[in-house]
Amino acid sequence: MAPIKLKQSPNSAATSVASSTEARILVRESLRITATLASAPPLDSVPPTLSLAGPQPRNPGIVDNQFLDSTLRLICCEEIDGRRWNYVADNEPSGRSKNGSIRAVCLQTPQAPIDEMMSFIRSYVVPEGFPESVTPSYVPYMTWRALKHFFGGAMGVFTTQTLLNSVGVARNKATPGAIAINWILKDGAGRVGKMLFARQGKKFDYDLKQLRFAGDLLMELGAGVELATAAAPHLFLPLACAANVAKNVAAVTSTSTRTPIYKAFAKGENIGDVTAKGECVGNIADLLGTGLSIMISKRNPSLVTTFGLLSCGYIFSSYREVRSVVLHTLNRARFNVAVESFLKTGRVPSLQKGNMNERILSFPWLKETPVVLGPRFKDAFQDAGSYLAIEPLFDKEKYIVTYNQTKGKVYALLKDQAKSDDILKAAFHAHVLLHFIRSSSGAQNSSRKQGEGFSNSVPTTTNLEAEIAASCKMVSTSYEIFKSKASEQGWVMAESLLNPGKARLCHR
């Protein structure tokens with residue numbers, strides 16, 4: 001049976017031509033509608049027009065009736081990551097939109113490959129909404145952090161290579177079992193050191209900048225001890241254990257201080273995003289440093305020279321990284337800067353200036369500070385008469401401030417009812433008294449400079465009581481002014497991080 005031939009429709013031959021023509025019309029009409037919308041007056045100023053087809057239903061988001069005579073109708077506009085889209089629909093002769101005829105038309109040309117690559121990189125290294133989503137100090141911090149991780153990753157290649165050579169892997173001087181045991185013992189010692197150091201947890205909140213930099217110094221010390229195993233392979237186990245303890249303590253410090261620093265950069269509830277992007281930047285820099293160090297190690301460079309250069313770069317980057325952090329809270333170092341500036345100039349420094357003037361190299365475990373907050377009674381007073389003489393001056397306060405002439409320090413003793421603001425006021429009063437004593441001693445030294453040389457400028461008991469009474473008057477009028485000016489500069493005064501001692505004076 002012969003095959004049946006079906007008669008083709010006369011319109012089938014023009015299907016492809018019609019579709020291409022329709023696409024061109026779609027883009028042209030979308031652009032024309034967008035240009036008309038941009039130049040059209042507000043909807044309130046456009047007089048209503050009548051349609052020959054009678055009143056038509058109007059959906060939310062549909063543009064005004066000037067586009068009803070077009071073959072396309074603009075439904076709405078959309079923007080995604082800076083790119084705009086128009087949604088249009090085909091019109092029927094009756095003026096209604098055809099079902100299922102909504103189409104999306106992009107109004108921008110496709111991005112260049114380099115722009116797409118930069119957008120892809122930004123999605124991994126900067127928080128969403130950057131730079132509005134973070135503080136201005138975020139960029140310098142991440143720059144120095146990346147450099148620090150770069151030098152740290154490069155150093156890791158040489159330390160690992162040295163440890164493996166010292167334990168006997170490269171020279172086949174030890175059995176695999178002995179190598180594994182030594183390596184496990186090394187790691188175990190590091191974990192023990194990490195657990196023991198974790199009890200210092202609260203101090204990470206008080207002096208996080210100082211501890212962060214001290215931890216990085218400890219990390220480099222551990223790396224130096226690991227490299228020392230090359231000179232004494234027979235001492236591999238004790239040296240490697242000591243180095244791993246130091247590096248694990250440094251890791252605890254870095255981990256504990258990371259969140260408060262990232263919190264200072266975040267604006268709003270995006271601390272998770274800031275933390276994730278910050279860690280990504282650190283990992284990228286670490287990988288780059290590792291790759292460069294592998295290429296350098298193939299040329300067998302001088303171990304001492306390489307360690308010296310990488311250590312200097314690591315320590316300098318760490319110092320600049322910590323220095324670039326701008327915190328809003330007042331710990332003891334920043335509080336000293338703020339009070340000294342207030343007493344000398346009558347102004348409280350800004351957040352940026354106060355953080356820049358903070359001492360980073362004064363390690364928290366050193367007790368050589370002129371002001372002691374929350375000491376024991378026996379450390380502040382050596383006789384009962386000096387205490388009984390000044391006690392009435394502090395009846396209405398939750399603290400007592402005095403000066404120990406033998407030790408040359410100001411002591412601020414706290415009463416058992418003292419709260420956060422009382423501790424802050426006691427520290428402020430102690431600095432005011434120290435300022436008075438130093439000013440008085442400076443005046444005495446200036447007047448006796450020619451006659452007595454190194455004369456004793458310690459105030460007498462009578463003068464000390466007068467200095468304390470004068471400081472009480474000044475604190476009663478200036479403390480609230482100090483708090484107000486500090487709050488205006490952005491300092492957080494509601495919670496003090498001054499790390500006071502645990503001793504408290506009780507009622508008799």
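Mentor: Two helices count as oblique when the angle between them is not under 35 degrees, not over 145 and not in the range of 65 to 115. Please keep in mind that the model before us is predicted.

Trainee: Why are H3 and H8 called oblique to each other?

Mentor: Helix H3 (residues 138-167) and helix H8 (residues 271-297) pack at an angle of about 40°, with their axes 7 Å apart. Angles under 35 degrees would count as roughly parallel, and those of 65 to 115 as roughly perpendicular. The angle of about 40° belongs to neither class, and H3 and H8 are therefore oblique.

Trainee: Is the crossing of H3 and H8 left-handed or right-handed?

Mentor: H3 passes H8 in a right-handed crossing.

Trainee: What makes the pair of Tyr-141 and Phe-265 tilted?

Mentor: Ring planes under 30 degrees apart count as stacked and those over 60 as edge-to-face, with the rest tilted. The planes of Tyr-141 and Phe-265 stand at 45°, so this pair is tilted. The two ring centres are 4.9 Å apart, and the cut-off for a pair is 6.5 Å. The structure holds 17 aromatic pairs.

Trainee: Which parts of the chain does this pair tie together?

Mentor: Tyr-141 lies in H3 and Phe-265 in helix H7 (residues 236-265), so the parts joined are 124 residues apart in sequence. Both residues also belong to one aromatic cluster, together with Phe-130, Tyr-138 and Tyr-262.

Trainee: How do you know whether Tyr-141 and Phe-265 are buried or exposed?

Mentor: Buried means under 20% relative accessible area. Tyr-141 has 1% and counts as buried; Phe-265 has 0% and counts as buried too.

Trainee: What is notable about the peptide bond between Phe-130 and Pro-131?

Mentor: The bond is cis, with omega of about 5°. Pro-131 lies in the loop between helix H2 (113-125) and H3.

Trainee: Which residues have the most contacts inside the largest nonpolar core?

Mentor: They are Phe-335, Leu-373, Phe-394, Val-401, Phe-428 and Phe-482, in a core of 48 residues. Helix H14 (420-447) is one of the elements that supply at least two residues each, and H14 gives the most, with 11 residues. Apart from this core lies another, of 16 residues, among them Ala-146, Leu-208, Tyr-262 and Leu-327. In soluble globular proteins, nonpolar side chains tend to be buried together.

Trainee: Why does Ile-390 count as buried?

Mentor: The relative accessibility of Ile-390 is 2%, and the limit for a buried residue is under 20%. Ile-390 has its place in helix H13. Leaving aside neighbours within four places in sequence, Ile-390 is in contact with Phe-381, Ile-400, Val-401, Thr-402, Glu-465 and Ile-468. Of these partners, Glu-465 is 75 residues away in sequence, yet the C-alpha to C-alpha distance is 6.8 Å.

Trainee: What makes Asn-300 exposed, and why is Asn-499 called partly exposed?

Mentor: Exposed means over 50%, buried means under 20%, and partly exposed lies in between. Asn-300 has a relative accessible area of 64% and is therefore exposed. Asn-499, at 27%, falls in the middle range and so counts as partly exposed.

Trainee: What is the phi of each of these residues?

Mentor: Asn-300 has a positive phi of about 55° although it is not a glycine. Asn-499 likewise has a positive phi of about 55° and is not a glycine. Asn-300 lies in the loop between H8 and helix H9 (303-323), whereas Asn-499 lies in the segment after strand S8 (492-497).

Technical notes: Residues are numbered from 1 along each chain as its sequence is written. This is a predicted model: local features need pLDDT of at least 70, side-chain atom pairs count only at pLDDT 80 or more; totals for chains, interfaces and linings use all residues. Side-chain values use heavy atoms; hydrogens and water are left out. Rings of Phe, Tyr and Trp (its six-membered ring) pair if their centres lie within 6.5 Å; planes under 30 degrees apart count as stacked, over 60 as edge-to-face and the rest as tilted. Helices (H or I, at least four residues) and strands (E, at least two) are DSSP runs, numbered from the N terminus. Buried means under 20% relative accessible area, exposed over 50%, partly exposed in between (1.4 Å probe, protein chains only). A nonpolar core is a set of buried Ala, Val, Leu, Ile, Met, Phe, Trp, Tyr and Cys residues joined through side-chain atoms within 4.5 Å. Axes are lines fitted to C-alpha atoms, for helices over the stretch in contact, and angles run from 0 to 180 degrees between N-to-C directions. A crossing is left-handed if the near helix is turned anticlockwise from the far one by less than a right angle, and right-handed if clockwise. Contact means heavy atoms within 4.5 Å.
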